[in-house]
Every structure is written in structure tokens, then in C-alpha cells.
Amino acid sequence: MKPQERQELILAQLLEHPSLHIDDLRERFQVSEGTIRNDLRALEAQGKLIRTHGGAVSTATRGFSPVASGVTGETVSPAHAHHAAIARRAREMISEGDVIALSSGPISLALAQELLPMKSLVVLTNSLEIAGQLSHNPQHTVILIGGQMKAGHDSLFGPLAATMLERMRVGKAFICCDGISVAQGAAGNDLASAQVKAAMVASADTVVMMSSGDAVGRLALISFATLSQVTHLITTNEGSQDAVNALIAAGVRVSMCGDKLTEVCVDCAEDRRWRIGFANLNEQQDFAVTVRQSIEQAANSMSNVELLLANNDADPQSAIENAKRMIDAKVDLVIEYQQDERTNYVLMDMFRSAGVRVIAVDIPMPGAVYFGADNFRAGRIAGEAAVKWIREKWQGRLDKIVCLEQSESGTIPAARVHGALVTLRQVFDLRDTDILHYDTRGGLDESRACATQALRNIPWGRNVLFVGINANSAIGALEAAEVLGRHPCTAVVSQNVSRRIRRELHARNPMLVGGVDYFPHIYGERVMPIAVKLLQGQPVMPATYTEHLFINPDNVDFIYPDDQFESRVKPASPSRLPVAEPVALHVQLIKEKNV
């Protein structure tokens, strides 16, 4: 591995962890301590990290002010907590690779801190502080909108900034406002700032306003956007409900952020409204994020569904606390995505006692309706693809199988790995000692560490197939084999085809056989009708499976053609019309299969 590549990976690790130790980096990259020290010196010279005794910390910690951030000792001010809640919700609307505009303001600064660990964003901003924060991640492209600087401000304003934005086109604009109402639209109290915000609105396909709850219904000095231009408002739940209802009736989608729950409101009479909660696995995994986005999209298309969102953060205790909040919020039904099998018994007891119906996503729950993977079939599909690949690439010689598993999810999700093993052992003469098992909890770091340990214990020249429980395990195996230089004798097959897996397939990574797709982007359109049937008292099947398809380098461009057109900043057309998205081939892959 070249020093530049290793240094970029070190910076990526520093985004995920507040500090790094030399011993961990040496183990991670399988190089000497001196090599790691040279890498850290080079990165410090570039201003990208700060060396410490035995390791390094991120330069993003520089300039952190407890007063400016609303943090004093252990106390967090209410304003800071509100800004953080709004920022977390806005972060959920942004995907890696997006092109966004971000106005100046304290909520925007909180959002920038949320965006720092993401990958490959293109961010246009007129804030020097936000640009400085995001520039700590070398994978982001940060474009500072030029203009005039005023004393006491960290931002650039004026006609030069507005003119620059006229030549740009972004997917989403996230803009702070001092007031938003039916009478005035979105408004601000600073004339120079309003000019730039109006240009951001005109340059964006989707406009998201961000404000504290007390700004909802309030008038400000000057309007910079009409309500017809505003797609979504993210605010807090302490504002005027009448003002919120008026905005919803005017066609603005509103997310009201509480401490842990976010309520996505609809314009509907109380007696015709269903309150449905969705507790997501986490907001870090691409698969889970896509599932949540699809459920939001499906709920948004139903005029009588009010959605409450929670993040289980892949933590059993958080899942239990979220369940209590959902019950207190008097939801009619919960869609639960939680990976710890034992905790699911606790959750189901709580929901049954409260009379709340439950749909379980991907991890079964006792007594809940199930929607998700047909795990054993998905494993079979992966095994069949691996058999074909091994015959073609390795002339049918397979020496070892390494299974990267997730025991906490129980035996049913484990059937993914079991199905692959059954298929492989029907073809290849493998002893039990040729099959190695590692528990990764489904995490990327754990998978990388387990794969590294496995490869170091397997002699060079042996053909090794990694069978992963999810995309994280497959990516971890690929990274471990890359660092150890085991390309010619390593193969990896994935369960789930995340954005990162698709990138590797588009690039034709020679180690990646492919992955079994679960199509998380259609989960919402399949799950929400089941939810409504349950709420209406109609019979539903106890389990409904998503369809599966094996994606490999030969068909990924056909199944996901839009991956080839990941957006970057686009010049606006003279007419100021939004730039048309490329037409995607529609592939009818999803069929309903009931049990």
C-alpha cells in the first residue's frame, strides 16, 4: 500500500475515533512503528492531525469552545440541545455523495459537525467556520461561496456570493431562518444574509429550512423564500402547534424534533390519523439509512399516517428506552428494527402490554409480523454464486471458508451464512477444520479485525472465501486482504449490496464475487401497506419476504444505472429550471412472496 493511501485511511479512522494509538495503527496496516510515525508526521505537517504521545488526535478538536457550543462543564444549554436535535434530523436527509448548500448559522454549524464523518460530500457554504470544520475530512469537497465579509461575522455576503450561486445547481439546500409563517414564508433579520439565502433557494432542487420552535409562526425583517419553495421544515417541538398546523396545511412537511423522537406531521384530522413509530437499527449503516428513508417516503405518500422516528443506535438499552417513548407517545403501531435477539423478547412484552401492534424488520420478534430477508434462500444464492466464481477463477480449488457472523441476532439471520455453507459443502470437499467462524456483531471494525486475524493464521497461497453476514463484514474482509496483500487468493461474497459494495463492484475489485441484494429502498412501500392492514383489523400473513437478486460486476451497471451519475455541482440552465436527472431503466425485480 502506498503511503498516501495509508495516510488517507488513517484520516478516515480519525473521523470515527477521537484519538488513535500507534500500536493500533501498526496492527491495522501491518507496518512498522517507524512507518506509522512517519505517516503521522506527514499528516501533522499538512495540518490534518495533532500528534500526541503514542498516537494522534484530530485537528477538528481545535477551536472547540464550551461557551460557543453551549456546553459548560457537564451542562448542555437548551439552545445547544435544540440545535443538535435539528442537526441530527437534517443529517438523516443527506446521503454520502450528495451535493448540498449550507447557510451560515449555529444550527448549520451543528449540522456541519454531524456531516464531518460522512464521505464524498460536495458542500457549498458562505460560512468560514463551516468550511473550516468540513475541510478536516479530505474526502469532502468544500466550496466557499465568495463575497464581502462584515465585521463580527464569520460569513461572506453580497452580490458576488449570490452571482456565484446563480451558476450552480445543488440537490438540497439547508438554510437557517429567523421566522417562517404562512403570511411571510421563510424570513431573516439580516439583509445581506437574506440575499445569499435567496440565491441558495433558487439553486436547489430541494429546500430544507431549519429553525428553533419559537421561530415557527414568527415574522422577521425580510422574506427570502415563499412557502411554495420550501419542501421541509425541521424544528423543535416547543413551538406553536397552531402555527405548525398552518404550515402543514400550506404544503410544507414538518419534522418536530424532541429529545429522542422526531415526529413527522401530516395534515389530517385526528380521528383519521394513524400514529406509526419506526425505531431504526442505527443511522450509520447504509442499509439501515436506506430502510428509514424508504419508510419515510412511503408514509409521506399516505395522507393519514403520522410518523415518529427513533434511532436505536445498535444498542439494546436505547431500543428499550425508545420503546417506552413510543408507548408514551401513544403510537398505534411500531415498526421495529433491532438486532439483539434477547432484547426483542423484552420489547415485545412491552408493546403487547400496551396494546401496540408490531412489525419486525429483518430480525424476527416473537409474535410480531415479519418483513425482511428470506435468510436461508439468500445464503443459498450467495453460495451458488461463490461456487461458480471459484470454478472460473480458481479452477475449483477452495481451501478455507471464513464465516463472519453476528450471534446476537439469533439463528434466523444466521441462516444466511448457513445457507451458503450448505451449498458450498455440496460441491467442495471441506472438513470442519477448513471452516472458521468469527463473531463480528455486524460491525466494520470488528469484521476487519476478525478477517485480519483469520488471514494471519492461514498459510500464504491458500484460497480463502469470506462469507459475511452483511455488507460491513464483506468490506472488512476486503480491507484486511488489501492491507495484507492477499489479493490473488482471497474471495469475498456479501449479504446486502450497500453503496460501498456497489462502488467496489463498479470498480471490478478482483476479490469481490458480489452480493445478495435485499433492495432496502423498497422496504417502505412493502411494509406500510402491511401496517395499514393491521391497523384496520385486516388479516395479514405472519411473514413477508423481500425478493433477492445476486449483484456482480457484470450486472451492477444495469441494476443500478444511477450509480454512474453520482451528482456533483452542476451549472444551472439559463432558464433556471432544475437539471433533469438521468432516466433510469426500471427493472421489475420485486415480487411479493408470502409465508
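The following legends describe close-up views of a predicted model.

**View 1. Surroundings of S103 in the loop between β6 and α5.**
The loop that holds S103 runs between strand β6 (99–102) and helix α5 (106–115). S103 has a relative accessibility of 1% and therefore counts as buried, the cut-off being under 20%. A polar atom of the S103 side chain lies 3.1 Å from the backbone nitrogen of C176. Beyond its neighbours within four places in sequence, S103 is in contact with S108, T125, N126 and I130. The list of contacts of S103 also includes F174, I175, C176, K197 and M200.

**View 2. Helix α18, residues 523–535.**
The 13 residues of α18 reach 18 Å from the first C-alpha to the last, close to the 18 Å expected at 1.5 Å a residue. The helix is mostly covered, with ten of its 13 residues buried. Buried positions in α18 are Y523, G524, R526, V527, M528, I530, A531, V532, L534 and L535. Just after α18, G537 has a positive phi of about 80 degrees.

**View 3. The aromatic pair F287 and Y523.**
Five aromatic pairs are found in a search of the whole structure. In the pair of F287 and Y523, the ring centres are 5.7 Å apart and the planes stand at 90 degrees, so the arrangement is edge-to-face. This pair links distant parts of the chain, with F287 in helix α10 (residues 286–300) and Y523 in helix α18, 236 residues apart. Both F287 and Y523 are buried. One aromatic cluster is formed by F287, F371, Y518 and Y523.

**View 4. The aromatic pair Y370 and Y545.**
After the pair of F287 and Y523, both buried, this view turns to Y370 and Y545. Their ring centres lie 6.1 Å apart with the planes at 75 degrees, so this pair is edge-to-face. Distant parts of the chain are linked here: Y370 belongs to strand β23 (residues 369–372) and Y545 to strand β29 (residues 543–545), 175 residues apart. Y370 and Y545 are both buried.

**View 5. The charged end of R486 over the ring of W460.**
The charged end of R486 is placed 4.8 Å from the centre of the W460 ring, over which it sits.

**View 6. R502 over the face of Y560.**
The distance from R502 to the centre of the Y560 ring is 4.1 Å.

Definitions and conventions. Residues numbered from 1 in each chain as written. Predicted model: local features only at pLDDT ≥ 70, side-chain atom pairs only at ≥ 80, totals over all residues. Heavy atoms only, no water. Helix = DSSP H or I, 4+ residues; strand = E, 2+ residues; numbered from the N terminus. Buried < 20%, exposed > 50% of the residue type's maximum accessible area, 1.4 Å probe, protein only. Polar contact = N/O pair within 3.5 Å; in protein donor to acceptor, adjacent residues only side chain to side chain. Contact = heavy atoms within 4.5 Å. Expected span 1.5 Å × (residues − 1). Phe/Tyr/Trp six-rings, centres within 6.5 Å; stacked < 30°, edge-to-face > 60°. Lys NZ or Arg CZ within 6 Å of the ring centre and 35° of its normal.
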